[in-house]
Amino acid sequence: MLPIWVGIYEANAIALEIEKVTTPRPMTHDLLKNLLLGLEAQVRKVVVSELRDDTFYALIWLERDGQTMSIDSRPSDALALALRVDCPIFVEDEVLKSSKNSGTPRTKSVTRKCASGWRIWATKTWAGIRCRIRGSRIDIHNYEF
């Protein structure tokens, strides 16, 4: 398990896509997906690349006109985008090792569980995402809350 603490709004953006909820207007990550499609850029993968000072970092790997580039991102935004464009999500081995050593914050929270291993929880000011990882790849499946 890799616990990643994110803001409530970011967790909601991820939950909306996992639940396949459509909104009347595009959410921020839907807008980003539409921009990338309009620019004919493809998201090849998302990598949770670093854990530094209890903060996770991620990279979004894009391809356009045969050129590959990486874009710095918050993991929550990278995960929300990856779900929308159906690209693989990876975690660096060092991040997994570091996260096991740092532990998970303990707070009273409301938790939603799913059979696939995703858990989304929320407190008054924070939310989190927990995902099942196989090797260095996060397993994503549809699930019901």
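Helix α1, which spans residues 8-18, contains E17. In this predicted model, E17 has a relative accessibility of 15% and is therefore classed as buried, because buried denotes a relative accessible area under 20%. Which residues does E17 contact, once its neighbours within four places in sequence are set aside? The partners are D30, L83 and R84.

A second helix, α2, covers residues 28-38 and includes L35. The relative accessible area of L35 is 48%, so this residue counts as partly exposed. L35 also takes part in a surface feature: together with L31 and L32, L35 makes a nonpolar patch of about 250 Å².

The account now turns to strand β3. This strand runs over residues 55-64, and F56 is one of its residues. Is F56 buried or exposed? With a relative accessibility of 14%, F56 is buried. Residues up to four places away in sequence are again left out when the contacts of F56 are listed. On that basis, F56 touches L2, P3, I4, V48, E50, L51, P75, V95 and S99. One of these partners, I4, illustrates a pairing of residues separated along the chain: F56 and I4 stand 52 residues apart in sequence, while their C-alpha atoms are 7.4 Å apart in space.

Taken together, these residues present two situations. E17 in helix α1 and F56 in strand β3 are buried, at 15% and 14% relative accessibility respectively. L35 in helix α2, by contrast, is partly exposed and contributes to the nonpolar surface patch with L31 and L32.

Definitions and conventions. Residues are numbered from 1 along each chain as its sequence is written. This is a predicted model: local features need pLDDT of at least 70, side-chain atom pairs count only at pLDDT 80 or more; totals for chains, interfaces and linings use all residues. Side-chain values use heavy atoms; hydrogens and water are left out. Patches are made of residues with over 30% relative accessible area and no salt bridge: like charges are joined within 9 Å, nonpolar side chains (Val, Leu, Ile, Met, Phe, Trp, Tyr) within 5 Å. Accessible areas come from the Shrake-Rupley method with a 1.4 Å probe; for residues, only the protein chains shown count as cover. A salt bridge is a side-chain nitrogen of Lys or Arg within 4 Å of a carboxyl oxygen of Asp or Glu. Helices (H or I, at least four residues) and strands (E, at least two) are DSSP runs, numbered from the N terminus. Buried means under 20% relative accessible area, exposed over 50%, partly exposed in between (1.4 Å probe, protein chains only). Contact means heavy atoms within 4.5 Å.
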